[in-house]
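Welcome, and please open your viewer. We will take a short walk through one protein chain, from the whole fold down to a few residues worth selecting.

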Amino acid sequence: MQGYIINFNRVKDEDLIVTVLTKNSILTLYRFYGARHSHINLGYKIDFETKSSIKSTISQLSGVLHLASKWNLEYNRMFIWQSFIKLFYLHLKDIDDIHSFYFELLDECSNIWHSQNPKRVAIEAYTKLLEYEGRLHDEFICFNCEQHIDDNPTLIRSFLPAHEQCVWSNTFDRLHVKNLFETKSCMFIGDEDVDRLWKIMLEGF
């Protein structure tokens, strides 16, 4: 079985409770500490097995093999990846069975993470997630006053559009936002605005 480690917590004696996003489920597994165990980290894609354990009420994570990507040793890319992965955990943590969309979206991102600005990859993936969940508000209606936005919009958490005067936040170029929502590409968005979109995304899915 394959999956992405989207969270882990240390428990007694250096053991871990590990949350793994697989193609069709989110698993909470127990990882016993031991010198023979391969190293795991947040955001790693792994091949693994599960087995029942008499020492725990949840299944044990075993036979772990890290399916390494070429960028895993690049600190900046890995740091952004782990921040991105944490958002998936917070968004999906109360769900057991899920559609393969989420796993496949992470696979898609992982495959190009090394060759593009990772913040751009994450933002484009997030717009796909919003559309998949029916939460992409591309009609330019202000979430606050519920009136149409004729000028440049600002965006808040979940990329909700708003009038500048309704939330007192800097705006984005309307055509750039429209293109992002329609094509799921931020090709025409400058690096400064990409950084702003990334910070908005970090507020939560």
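**The whole chain**

Start with a cartoon view of this predicted model: the protein chain has six helices and seven strands. Colour the cartoon from the N terminus onward and follow the order of elements, which reads β-β-β-β-β-α-α-α-β-β-α-α-α. Next, reduce the display to the C-alpha trace, which spans about 60 × 30 × 25 Å along its principal axes.

**Strands 1, 4 and 5**

Now select residues 2-10, which form strand 1, together with residues 45-51, which form strand 4. The two strands run antiparallel and are joined by three bridges. For a landmark in this pair, pick Tyr4 and look across to Lys45 in strand 4, which stands opposite.

Keep strand 4 selected and add residues 60-66, which are strand 5. How many bridges join strand 4 to strand 5? There are five, and this pair also runs antiparallel. Here the residues to click are Lys51 and, opposite Lys51, Gln60 in strand 5. With side chains switched on, remember that in a regular strand they alternate between the two faces of the sheet.

**Surface, contacts and charges**

Finally, bring back the full chain and show its surface. The accessible surface comes to about 11200 Å², with 48% belonging to carbon and sulfur atoms. Of the 205 residues, 47% are buried. Among contacts with a separation of 6 or more, 54% are between residues 24 or more positions apart. For a last stop, colour by charge: the 22 positive and 28 negative charges have mean positions 8 Å apart.

Definitions and conventions: Residues numbered from 1 in each chain as written. Predicted model: local features only at pLDDT ≥ 70, side-chain atom pairs only at ≥ 80, totals over all residues. Heavy atoms only, no water. Pairing = 2+ DSSP bridges. Helix = DSSP H or I, 4+ residues; strand = E, 2+ residues; numbered from the N terminus. Buried < 20%, exposed > 50% of the residue type's maximum accessible area, 1.4 Å probe, protein only. Contact = heavy atoms within 4.5 Å. Areas by Shrake-Rupley, 256 points an atom, 1.4 Å probe, with all protein chains shown as cover. Lys, Arg positive; Asp, Glu negative; His and termini not counted. Charge placed at Lys NZ, Arg CZ, Asp CG, Glu CD.
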